[in-house]
Amino acid sequence: MRQEIAKMNPFYAHIIFMTGGATLMAAGVTAARFFRRRPWWLRFHRAAGIAGALSLGAGLAAGVIMVSQGGNGHFGLPHAWLGLTAVTAGTAAPTIGQLQFKFKAKIRLLRPWHRRIGFAALAMCLLGIISGLAAGGII
């Protein structure tokens, strides 16, 4: 199994990891928005956010490898900037979410930023997917 993953085309790895990260983040937002009364929502929300951030990071790495192999310059298209913004925000949101539990006195300051950055990350993922489809000539 590991050898198959290591041999995976970076293009497909990029698509799989970035789409997976966006899907996991959307699942985390959905759990926070609609399932707060369930006892499991916070564990799921937290796990989905962290897994989404890790998946976005792997997708970024695959994208960098893919562009390097193609000989093109990095960050020449809006897709690359949107993707980098999505990865940055997608990593910042769960980090700030975890900080809420460490610094309980600052929760009123941190919680709105956690929400804003989480929604922004999801929006950047969506825009990145659309711009990637446009850059690939699919739409």
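This passage describes the fold, helix packing and selected surface and buried residues of a predicted model.

The chain is helical. It holds 5 helices and 0 strands. Read from the N terminus, its elements follow the order α-α-α-α-α. The C-alpha trace extends over about 50 × 35 × 25 Å along its principal axes. The chain has 139 residues, and 28% of them count as buried.

Two helix pairs were examined for packing. The first pair joins helix 2, residues 10–34, and helix 3, residues 41–70. Their axes lie 7 Å apart, and the packing angle is about 160°. Helix 2 is therefore roughly antiparallel to helix 3, since angles over 145 degrees fall in that class. The crossing of helix 2 and helix 3 is left-handed.

Helix 3 also packs against helix 4, which covers residues 78–102. Here the angle is about 150°, with the axes 9 Å apart. This angle is also over 145 degrees, so helix 3 runs roughly antiparallel to helix 4. Helix 3 crosses helix 4 in a left-handed manner. Helix 3 thus takes part in both packings, with helix 2 and with helix 4.

Within helix 4 sits glycine 83. Its relative accessibility is 14%. Glycine 83 counts as buried because this value is under the 20% cut-off. In sequence, glycine 83 is 74 residues from asparagine 9. In space, the C-alpha atoms of glycine 83 and asparagine 9 are 19 Å apart.

The C-terminal part of the chain presents a contrasting case. Isoleucine 139 lies in the segment after helix 5, a helix that spans residues 107–135. The relative accessible area of isoleucine 139 is 61%. Isoleucine 139 is classed as exposed because this value is over 50%. Glycine 83, by comparison, is buried.

Isoleucine 139 does not stand alone on the surface. It belongs to a nonpolar patch with Leu126, Leu127, Ile129, Ile130, Leu133 and Ile138. Together, the residues of this patch have about 640 Å² of accessible area. The patch is built from leucine and isoleucine side chains.

In summary, the predicted model is a chain of 5 helices. Helix 3 is roughly antiparallel to helix 2 and to helix 4. Both crossings are left-handed. Glycine 83 of helix 4 is buried, whereas isoleucine 139 is exposed and forms part of a nonpolar surface patch.

Definitions and conventions: Residues are numbered from 1 along each chain as its sequence is written. This is a predicted model: local features need pLDDT of at least 70, side-chain atom pairs count only at pLDDT 80 or more; totals for chains, interfaces and linings use all residues. Side-chain values use heavy atoms; hydrogens and water are left out. Patches are made of residues with over 30% relative accessible area and no salt bridge: like charges are joined within 9 Å, nonpolar side chains (Val, Leu, Ile, Met, Phe, Trp, Tyr) within 5 Å. Accessible areas come from the Shrake-Rupley method with a 1.4 Å probe; for residues, only the protein chains shown count as cover. A salt bridge is a side-chain nitrogen of Lys or Arg within 4 Å of a carboxyl oxygen of Asp or Glu. Helices (H or I, at least four residues) and strands (E, at least two) are DSSP runs, numbered from the N terminus. Buried means under 20% relative accessible area, exposed over 50%, partly exposed in between (1.4 Å probe, protein chains only). Axes are lines fitted to C-alpha atoms, for helices over the stretch in contact, and angles run from 0 to 180 degrees between N-to-C directions. Angles under 35 degrees count as roughly parallel, over 145 as roughly antiparallel, 65 to 115 as roughly perpendicular and the rest as oblique. A crossing is left-handed if the near helix is turned anticlockwise from the far one by less than a right angle, and right-handed if clockwise.
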